[in-house]
Amino acid sequence: MLNPRYEVLMAMILAAALSRLIPHPYNFVPIDALALFGGAQFADRRMAFLVPFAALLLSDLCIGFYSHMEWVYGCFALITCLGLWLRSHCGAWNIARTTVVASTLFFLVTNFGVWVDGTALLYAKNLAGLMACYVAAIPFFGNTLLGDGFYALVLFGGFALLEKRFEILRETTLQSPNAA
């Protein structure tokens, strides 16, 4: 049986993932924020990966599968690990910095994947081709940063407000009976 905290976390992650279905500017999506939030908020590491991955997969089932998905999902796992780190280093500045790191990681990994896979056949298989791939993706990076920032604010900030308002959503830590 799930506790109210997990239920609210899952609902927020699902809602954010489903926001990919509404019209939005290119790359203004919650992908990185979902991974960070899941990693930072779920005490159970399995849930930290499972819930955001399931939400991402569900939204991908709705919008359709796309090329380079393996790079997106691999990067999603790495960003969830950043969220796990963030769990013990929470705070507004760390959330903001980690969100920028996640956006940058997503940019670097997924565009590397575009270059490696070569399905676009636009980029030579050398350093110049890789750099051309990154340069071509720069216009999308701004929206990635804005989208990640927006969704991180909504998810982390929204849940912090809910925790303040509803005590039942606050994470409890079990102390040993011998603790003073």
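A residue is called partly exposed here when its relative accessible area falls between the buried range, under 20%, and the exposed range, over 50%. In this predicted model, aspartate 117 has a relative accessible area of 31%, and therefore counts as partly exposed. Aspartate 117 belongs to helix α5, which covers residues 92–117. Beyond the residues up to four places away in sequence, aspartate 117 touches His68, Glu70, Trp71 and Lys125. With one of these, histidine 68, the aspartate makes a side-chain to side-chain polar contact of 2.9 Å. Another, glutamate 70, is 47 residues away in sequence, while the C-alpha atoms of aspartate 117 and glutamate 70 are 11 Å apart in space.

Helix α4 comes next. The helix has 19 residues, and at 1.5 Å a residue these should span 27 Å; the C-alpha atoms at its ends are indeed 27 Å apart, so expectation and model agree. Buried positions in α4 are Met69, Val72, Tyr73, Cys75, Phe76, Ile79, Thr80, Gly83, Leu84 and Leu86. A helix of this kind has 3.6 residues a turn, so residues three or four places apart point the same way. The partners of the buried residues of α4 are helices α2, α3, α5 and α6, against which they pack.

Aspartate 60 offers a view of the contacts between α3 and its surroundings. This aspartate is found in helix α3, and its relative accessible area of 0% is under the 20% limit, so aspartate 60 counts as buried. Leaving out neighbours within four places in sequence, aspartate 60 contacts Arg20, Phe65, Tyr66, Met69 and Tyr73. Two of these contacts can be described further. The side chain of tyrosine 73 makes a polar contact of 2.5 Å with that of aspartate 60, and tyrosine 73 is itself among the buried residues of α4. Arginine 20 forms a salt bridge with aspartate 60, with the closest N and O atoms 2.8 Å apart. Aspartate 60 lies in α3 (residues 45–63) and arginine 20 in the loop between α1 and α2, so this salt bridge ties together parts that are 40 residues apart in sequence. Arginine 20, too, is buried, because its relative accessible area is 9%.

The salt bridge of aspartate 60 is one of four found in a search of the whole structure. Another joins glutamate 163 to arginine 5, where the closest N and O atoms are 2.6 Å apart. This pair links distant parts of the chain, with glutamate 163 in helix α6 (residues 127–165) and arginine 5 in helix α1 (residues 4–18), 158 residues apart. Arginine 5 has 5% relative accessibility and so counts as buried. A further salt bridge brings together the side chains of arginine 87 and glutamate 171, at 2.5 Å from N to O. Arginine 87 lies in helix α4 (residues 69–87) and glutamate 171 in the segment after α6, so the pair ties together parts that are 84 residues apart in sequence. Both ends of this bridge are partly exposed: arginine 87 has a relative accessible area of 28%, and glutamate 171 one of 35%.

Aspartate 32 gives a contrasting case. Its place is in helix α2, residues 31–41. Aspartate 32 is buried yet has no salt bridge. The nearest side chain of opposite charge is that of arginine 20, 10.0 Å away; a salt bridge requires a side-chain nitrogen within 4 Å of a carboxyl oxygen, which means that this separation does not qualify. Apart from neighbours within four places in sequence, aspartate 32 is in contact with Ile79, Ala102, Ser103, Phe106, Thr144 and Asp148. Of these, Ile79 is also listed among the buried residues of α4.

Finally, the cysteines were examined. The count of disulfides comes to zero. Cysteine 75 is in no disulfide, and the nearest cysteine sulfur, that of cysteine 81, is 11 Å away. Since a disulfide calls for sulfur atoms within 2.5 Å, this distance rules out a pairing of cysteine 75 with cysteine 81. Cysteine 75 counts as buried because its relative accessibility is 0%. Cysteine 90 is likewise in no disulfide; for this residue the nearest cysteine sulfur is again that of cysteine 81, at 16 Å. With 48% relative accessibility, cysteine 90 counts as partly exposed.

Notes
Residues numbered from 1 in each chain as written. Predicted model: local features only at pLDDT ≥ 70, side-chain atom pairs only at ≥ 80, totals over all residues. Heavy atoms only, no water. Helix = DSSP H or I, 4+ residues; strand = E, 2+ residues; numbered from the N terminus. Buried < 20%, exposed > 50% of the residue type's maximum accessible area, 1.4 Å probe, protein only. Lys, Arg positive; Asp, Glu negative; His and termini not counted. Contact = heavy atoms within 4.5 Å. Polar contact = N/O pair within 3.5 Å; in protein donor to acceptor, adjacent residues only side chain to side chain. Expected span 1.5 Å × (residues − 1).
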